[in-house]
Structure formats: C-alpha cells, structure tokens
2 protein chains.
Amino acid sequence: MKQQVQPEVQTEVQTEVQTAPEQKSRDVLRLLAAADDADGLRRYVKSIGVNETFSAILRLSVDDREKVLTTLSAEDAADFIEELPNQHAAEMIGKLSASDAASILSEMESQDQADLISELKAESAKAVLAEMHPEAAANVERLSSYAADSAGGLMMSEVIAYRDDMTVGEVLAKLGERESQPSTLGMYIYVTSRSGKISGVVELRSMVLSSHSSPMAFISKPCLSVRDDATLSELDEFFDQHPFLAVPVVGADRQLVGVVHRQHVAEALADNAAATYRKSQGIIGADEIRSQPLLLRSGRRVSWLSLNIVLNIISASVIAMYQDTLSAVIALAVFLPIVSDMSGCSGNQAVAVSMRELALGIIKPYEIMRVWLKEVSVGCINGVILGLLLAGVAMLWKGNPYLGLVVGVALAVNTVIAVSIGGTVPLILKHFGKDPAVASGPILTTVTDMCGFFLILSLAAMLLPHLTVG
Amino acid sequence: MKQQVQPEVQTEVQTEVQTAPEQKSRDVLRLLAAADDADGLRRYVKSIGVNETFSAILRLSVDDREKVLTTLSAEDAADFIEELPNQHAAEMIGKLSASDAASILSEMESQDQADLISELKAESAKAVLAEMHPEAAANVERLSSYAADSAGGLMMSEVIAYRDDMTVGEVLAKLGERESQPSTLGMYIYVTSRSGKISGVVELRSMVLSSHSSPMAFISKPCLSVRDDATLSELDEFFDQHPFLAVPVVGADRQLVGVVHRQHVAEALADNAAATYRKSQGIIGADEIRSQPLLLRSGRRVSWLSLNIVLNIISASVIAMYQDTLSAVIALAVFLPIVSDMSGCSGNQAVAVSMRELALGIIKPYEIMRVWLKEVSVGCINGVILGLLLAGVAMLWKGNPYLGLVVGVALAVNTVIAVSIGGTVPLILKHFGKDPAVASGPILTTVTDMCGFFLILSLAAMLLPHLTVG
C-alpha cells in the first residue's frame, strides 16, 4: 500500500519539483504506446496503480489516450477501465473505434458492460453492440434496460446455479471444470427447478460437509429473493435486515435472472451520498473532471449559475423597493448581507438534518407538522441568541438602540422562517418524488433572502424617525 | 419489502390522519413492554422492521425506552441496536444500567461492541466493561483503541484461521463442530504458522476439491495482508486494486489480528460521504436527530452559527468603510448581496470539484498550480458571462452604463477570485491534514464576501461622478 501523504515541511520550491511524477507517468505511457510495447505498458500500468494511471491518461491528448488504450491488450484495458467511475469510463470508451471498444467491453463482467453501454451516446452504443457477440450484446441490452439503481441494474447476471435434481458430486465436478472466477463464485450456489425458477440456496460450506450422492434439493434451504425492479433503498433495507452477502434477483414468475451483492449496494449508496453532496454544492457541473474540455466545464457550471442569478435578482429586488428607507439609514446596508447569510446557514442546518432523518427512515415525508414544530422551537432559541448578538453589535457601533432592535428582531424572526423552510422543504420535495438535494438549497436561499431583506427594511421604515435621530 | 412511497394525491386532512402509524407503533411498544410480553415485543419489532422500531422508540419517554429495551431479550435488543448509527446506539445503551448494557453488548460481534464502547462516555464504558466477561472486555478494549477508520477499527477479530500443519480433513472436522456463523465464515480460511504469523490463505472452494489428507500448508496460497494501522483510503485503494472480499489484518510481526471485509470498507466510505455532505451544510450539529433534547440540539447548531456570524460581521465591515459611497449611490446596495451570493456559488462549485478529484485520487494536494490554472480559465469565461448579465440588468434598471460597468466588472473579477479560492483551499487544507469539508465553505464565503463588497464599492468610489449623474 502506497503512502501518499506528503511530508509536512514543504516549501514552494519542493512543490514545483513534485508535480514531476504525474508528468513522468504521462510521458512514460506515451513513449511505451508509441513503441507498441503492450507488455511494457501493462507492467507499467500495474506498477503505478489505477488512480495514477487514470490521472496520467487524463493528462494525455485524445490521440495519445486512444493509442495507449489500444496498445494495451483488451483484457488489461478492461481491467483499468472497470475501475473508473462509469461516466469517465464511457468517455474513454466513446473515443475508441466501435471494434476496439467492443473487444475491451467483452473482457468485462456483464454488469460493467451494461453500465458503460447505458452511459454511451445512443449511436455509439449501437455501434459497439453491433461489434459484440450477438448473445452477449442481447444480454447487455437486457441488463442496460433496468434502472441503474434497481436490483436489475445492480445485479450480476453471471450466477452459479444448478438444477435441484443434480447431486452434490455432479455439482462439485462441474465447479471443478469452471475457470477460476473468484468474483462470480461466492459463498452460495443457487438451486433452480427444471423451469428455471429459483427453488433454494446451498451454502458452499454445507456442500463441503455433505455426501456426494445427496441431490441438491436435499441439502438446499429455502431462499429469499428480490424482484428485479426493487429500488436501492429497498435493497439497503433488505441487507440491513438480513446478514447475507448476496441475494438472488428474480423476474416475473420467480425466474432467476441474477444476483445482487451486498458490496455493490453499499458502493451504490456511497456514490449516491457523494453525489448528494456535490449536487447540493454545484447542482449542475460538480461531477466534472478538470481535464475535460474547458467549454464543457464552464458551460455546465454556468447553466446552473444563470438560474441562480435570476433568483438572486428576484430577492434583491426587495431592497430596490425600499431604497428611500435605506438611503435614510445607510448603516442598514451593512446588516442586509449578514441577516441573509446567517438565515441561509440556519436553514441549511435544518435541510441537512431532514435529509439525514429521511435517509435513516426515521421521518416520513408526510410528517411535515412534527418536523415543523421541532424546528420552530430550535429556531426560536437560536434566533433569540443570534438576534441579541447582532443587536449588541449594531448598538455598540452606532449607539442607537432602535437600530439594534431592527436588525435583532429581523434576524430572530428570519431564523425561525429559515429553519421552518429548511426543515420541511426536503420532506415536501421528497413527497412529490423530487430530489431534495438539488432543489432545497435554492428555494431556501431565495425565500430567506427575500424575507430577511423585507423584515429589516420594513421594520426600519416603521421606526424611521427613531433611526435617523442617531 | 415495504413500499413506503405515499400516494401522490394527498390532502391536508389525510396528512393529519397519516401521522397515526408512528404513534400506533409507539403505543404498541409501550403496552407490550408494560405487560412484560418479551415474546410479543420481539414479534412486533420484527414485523415492523428496524427503521420503524427506531422511529417509534425515539418517540417514547426515556423510561419507556429503557423498559422496551430491557423487556426484549438481550439477543433481540442487540439485533435491533446493531442496526442503528453508532452514535444513536450508544445514546440508547448509555441510558441502561451497566449490567443490562453489558448483556446486550455480549450478543454483538466484537467490532460492534468496540464501536459502541468508544462512543460511550468514559465512565459508562468502564462500568459496562466491568460487567462483561473479562476476556471479552479485554478484547473490546484492545479493538476500541484503534482509530475508527483504520484497518484495526474496521476489522472483525473473529477470524477463521488454522495452523499450517493441520490436514484438510482435520480442518473440515473442526469447521463441522463450529456453530453456524454465516457472518464470520466467509470464502477464505487463513493459515498461520506455529507462532501465529499469517502464512497463507485457503479458499473454501479449493478445500472442496482437495484430498482430506493434504496438509493446509500444501494447498494454501500466499496471501496479501494489511497492517492494523492502514487508513480507510489505503483500504479503499487496496480493494480497488484487488478483487478480494476480505483481507487479513496483521499487527507488528505479521501476527494475524483480524480480517477486514470489503463491505465494511464500502459502508465506512458511504458514511464518510454522507457526513461530508452534512458537515458542509451544518458543520456542527447536522448529525442530530429531532427527538434529542431541545437544548442539546439548539446548542450544537448555535455554536457553529456564532462562529459564522463573527465571520459575517468581519466581511460586512467592508461595507461600513464605504458608507459615503453607498449613500451617494444607493442602488449599489441592491447588488451587494447578489455579487456576494453568486461568487459563493461559483466558489462552491470549485470546492465540490476539488473534493471529488481528491476523493478519486486524480489530483494530489500539492498540485495547487495546475488546479488554479484550470479554475482561472473557467472563472474568466463564467465571470464574463455572469458579469455581462448583471451589467445588463443594472443598465436596464437605472439607464446608467457606469453602474453596469461597476457591478459587471466586480462580479466578473470576484468570480475568478472565488473559483481560485474554492478550487485550491481544499487541497491546501488536505495538505495540512485538515478536513476540507468542514473549513472550505466558511473560508471561501468570508473571503469572497469581503472581496465582492470591496470591488463594487471601491470601483464605485473611483467612478462616483459618473454614477451620481443618472
């Protein structure tokens, strides 16, 4: 295991020198590919590991990337590409000729093939499938028709299953003939009826302890299964409740179609959690990689920013309505961004708590009233504390208690509004089937900004004679 | 598998009625516990599932909670508590008497015991350990001394390992004697030397195909292992590079101390990703659950908000320095929050991209210059687009091209500043061993707010004669 932490004492000069490794790996890859040294390339890629290779390949020109991937044997290229996030793997595969892409894909497991095919543009996908073995292509097409986060989308279709009328000895002999495939032969062997319906499961270790002449039906145990359209959260719940490492997936009629491994469910959940974080930060564009083309990167980011600037202009228009009040008490301008930003923070805390409680399953989308009452009580306490703090600062600065009153009350009330919105909006969005991570933030910020500006400026307008005295 | 999605057509009235299920489960739990009906309680808990039970128990008073947990058999209570996030599990356990807690803990796997013990307050942990079997307590104390996200902290200490001079037949006989423990007997049996050092691994399926008289040393293969202090990201890299379901953990001297499963690494990564999201939103306080006491909840949230208000006041003080300019051109007050908020959004996108690239391992913390150059180019394009947009709005509104110039240039320049900070700060924090998710946001917001206010107001001060004409 490489230790990638850098020493703590590190000067600017060293930093300059240390960018060398990435450039070196990039140059070595290019040179080995140019020399058509497939074997040297394979050994070099193994020696630097997947992350380093990915990082180096991203630094190559498109032509050099293609040269490196086609110089590697299809098997080695597949080993490397399988480890990348799907979207980036598809980007690399999409740049290759359909026949090169097909031969790399053919070295992968069916599930990885399906993931990649569904990430490719429709016409490239079609071209690649046309180059694959017809049977494999049909299998991949079937797998890629499942939603990515459903049991069908997460399962492997390579299942070790034997008919229930075979004996243990026959199955052991069959197993012995199989190539070594540690990733497909797990702890369980499934048993099916003559018609392909799942009828039970045999643990590998109970075969170890059984007579070779027993029929599989005799030692198999009844077996839970999930439907191919089970959702990720249903699978999460299933593995929460059952200690199994894997569960068979069945279609209509209990036909065995694949097997979902616990680890793939955990990985999908990890990906989703990370994506939730990115969505909340950048909404569109946060899954970019900096070696993607500049215009693609800036375009995806700016599309979300443009929507956001419109929302910002809407909320700032409240300030425009109160220009007279503001020019009479210019000190208020200092407090406008403070109140809007602090309310945003309070509201975001409530959003984060609701998202977590929804994920843990301890609140249901319809429990809006309960969440709202809980949030109002926290909001009142924190609003009063923050309001007093800000009022104190305002009074110390201008010596006018009415200024303190205006900004303190505005912040306190707006904190209650912000946590009310922040706590309940994710539930409402979830209830209507929308992704709370994407929309909660902008809705929250726009409304709390408008309310914050309105509260400060309308309170100030009411108390204007007192404010202009100081 | 329960379908928890509510029907789409749902009125206010139905919402009121539908809060009933949670209250019903809570009341049933209380009644069964009051009647000391351990068996009925167990069956009810199984029937409603872990999430529903957790949700119902959280709605009980502290006394009723204790009654429910102690009425359940220790084994059933352990089954339930194992499924909760550690922090909440510890909260429940911490409320029980030491002996009740110890008997529930004794039903768990060693790793879950250690996780819980390290979450408990020091004195409760000591009291619970004193009630446990001395050998088990010593084991738990040793396990809980490891960092939670290290190999030692993630491993199970129950390993199936046999000496290399035993025969396959002897091992099979030993395995036959063991109780059925699907969670500890995986695909691998480890082989150790006389001194307890790991010497190899035997796949269960190769035992199936071997003669019973072969010694284990004969069929064992060399075996990779990780040190007990390996970090989570090292483990992630290990499982990325190797297709194993588990890896043995060794102490100094290659002594076998446990085994880390791929699924536990994936689960730890998922937890970390979710925590990153919450940290970025609420920093302190976002892992609350709304049934925790009010003052605890509001206190944890307000401690982070108080820090934030100080940062906000610092950045808003820039506005205070330019009060004269602002009162001369009051329209600028409308644009201050827009520029500060938009720059924050642009900067957060860059933070999210850097966090992802760090997590994928395709940038190293020292590649600050490369990231900065990439961000500056995106920042220039997006800054110009957003600046022109905002300048257009300002000109349309006031008909003064100089106002447009001021706010447009300020937004464009501040966008470049924001993406520069947002892209590089996570790398710098990571380099110094700090968690980028916690500190990137506040640093970014404070600096971009100050720069944004300063840019607008200082540009306006320079162009004041032109601005006051309109």
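1. Starting at the axis: of the residues of chain B, Ala270(B) comes closest to the rotation axis, with its C-alpha at 1.9 Å. Before going further, note that this is a predicted model, where local features need pLDDT of at least 70, side-chain atom pairs count only at pLDDT 80 or more, and totals for chains, interfaces and linings use all residues. Residues are numbered from 1 along each chain as its sequence is written, while chains are lettered from A and ligands numbered from 1 in the order in which they are written.

2. On the symmetry, chain B superposes on chain A by a rotation of 180° with 0.0 Å of shift along the axis, at an RMSD of 0.2 Å (a least-squares fit on the C-alpha atoms of residues with pLDDT of at least 70 in both copies). The two copies are thus related as by a two-fold rotation axis. Both copies use the same surface, as 98% of the contact residues of chain B recur in chain A.

3. Now the interface itself. Chain B puts 107 residues into the contact and chain A puts in 106 residues (contact here: C-beta atoms, placed from the backbone, within 7 Å). On the side of chain B that touches chain A, helix H19 (residues 332–360) of chain B gives the most, with 18 residues. That side of chain B breaks down into 57 nonpolar, 30 polar and 20 charged residues. For these classes, Ala, Val, Leu, Ile, Met, Phe, Trp, Tyr, Cys and Pro count as nonpolar, Asp, Glu, Lys and Arg as charged, and the others, Gly among them, as polar.

4. Chain A is assigned three stretches: domain 1 (20–147), domain 2 (161–270) and domain 3 (294–467). The bounds come from an automatic or database domain assignment. Taken over C-alpha atoms, the centres of domain 1 and domain 2 of chain A are 31 Å apart.

5. A helix pair to look at: helix H6 (residues 86–94) and helix H8 (residues 110–119), both of chain A, pack at about 75° with their axes 9 Å apart. H6(A) and H8(A) are therefore roughly perpendicular (the bracket for that word is 65 to 115 degrees; under 35 is roughly parallel, over 145 roughly antiparallel, the rest oblique). H6(A) brings Asn86(A), Gln87(A), Ala89(A), Ala90(A) and Ile93(A), and H8(A) answers with Asp115(A), Leu116(A) and Glu119(A). By class, the contact of H6(A) with H8(A) has four nonpolar, two polar and two charged residues. Axes are lines fitted to C-alpha atoms, for helices over the stretch in contact, with angles from 0 to 180 degrees between N-to-C directions. Helices (H or I, at least four residues) and strands (E, at least two) are DSSP runs numbered from the N terminus.

6. What is the strand order in the open sheet of chain A? The order is E1-E2-E3, with mixed pairing. Strands E1 (161–163) and E3 (198–203) of chain A are the edges, each pairing on one side only, and the twist averages 30° from one strand to the next. E1(A) runs parallel to strand E2 (residues 188–192) of chain A over three bridges, whereas E2(A) and E3(A) are antiparallel over five bridges. Pairing needs at least two DSSP bridges.

7. Val191(A) is a handy residue for tracing this sheet: Tyr162(A) stands opposite Val191(A) in E2(A), and Gly200(A) in E3(A) is a bridge partner of Val191(A). E2(A) and E3(A) form a hairpin with five residues between them, and Gly196(A) in the turn has a positive phi of about 90°.

8. Chain B has an open sheet in the order E1-E2-E3, also with mixed pairing. There, three bridges join E1(B) to the parallel strand E2 (residues 188–192) of chain B, and Tyr162(B) stands opposite Val191(B).

Key. Contact = placed C-beta atoms within 7 Å.
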